[in-house]
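Please open the structure in your viewer and keep the selection tool at hand. The tour below goes from one selection to the next and says what is there.

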Amino acid sequence: MARDLHHLLLLAALLQQLSATSAGDVATGSGGEKVHVAIYYESLCPYSARFVTNHLLKAYRDGLLDAADLTLVPYGNAKVDAHGAITCQHGPDECLLNTVQACAIDAWPDVKVHLGFIYCVSDLVMKNRHREWESCFQKQGLDPKPVTECYKGERGHNLSLEYGRQTAELVPPHQFVPWVVVDGKPLYNDYGKFEAYICKAYKGYPLLEACRSPGMEAENDVYGRL
């Protein structure tokens, strides 16, 4: 009797472990690697800010970013002279905010943390209140010290130079911002539909909930036949 009870307890523990493993596979999408998504943008470009506040936030809320390896590159159409000085398309304020966002990415590598901060800044840009960007530390519950020390020091400048190098090495070269690349392929003017491209590229199982809507499935079917 004691031996039978012991065997039943072992079997129950094994079944519980298998059940938990299976549930974990379903939650994360078993058998599929994350989709590489890179977004090249600049802080004061209205199209970039709109993309962050509308499309990128929606992808986050839909859970699509859980299936994506997201890289944000705040540099855009800036230029570097022979002495390493950076000038930006929308002036010094844009250079400042590009560097601030580069420092935020560096300080908080978790995309859900630095994306929250960048969304907050982009939202202020859309409201023509970008000089209030420091309020985003408090709004997001973040310590300003690592970002402040970064953008005021050499670290921030070096991060911006590195993002400039990455942007300059794009093949094909970027034509405008935001420039969205999914699995190494630029979306050109289709960047507003980048969620559908993530759904098409994702090979995990089960199908992501955000990819199940009739409109998204129709877009996936069209892209699959291109």
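**A helix and the loops beyond**

Begin by selecting α4 together with β1 (35-41), α2 (46-61), β2 (68-74), α3 (92-107) and α5 (135-139), against which the buried residues of α4 pack; contact here means heavy atoms within 4.5 Å. This is a predicted model, in which local features need pLDDT of at least 70 and side-chain atom pairs count only at pLDDT 80 or more, while totals for chains, interfaces and linings use all residues. Residues are numbered from 1 along each chain as its sequence is written, and side-chain values use heavy atoms, with hydrogens and water left out. Helices (H or I, at least four residues) and strands (E, at least two) are DSSP runs, numbered from the N terminus.

Within α4, colour the buried residues (under 20% relative accessible area, 1.4 Å probe, protein chains only), among them H114, L115, F117 and C120. Then go to the N-terminal end of α4, which D110 caps with a side-chain oxygen 3.0 Å from the backbone nitrogen of K112.

Next select N128, which lies in the loop between α4 and α5 and has a positive phi near 55°, although it is a residue other than glycine. At 70% relative accessibility, N128 counts as exposed, a term that requires over 50%.

Move on to the loop between α7 (154-168) and β5 (179-182), where P172 is found; the peptide bond from V171 to P172 is cis, with omega near -5°. P178 lies in the loop between α7 and β5 as well, and the peptide bond leading to P178 from V177 is cis, with omega near 0°.

Finish at D183, in the loop between β5 and β6 (185-186), where phi is positive at about 50° although D183 is not a glycine.

Definitions and conventions:
A polar contact is a pair of N or O atoms within 3.5 Å; within protein, one must be able to donate a hydrogen and the other to accept it, and residues adjacent in sequence count only if both atoms are side-chain atoms.
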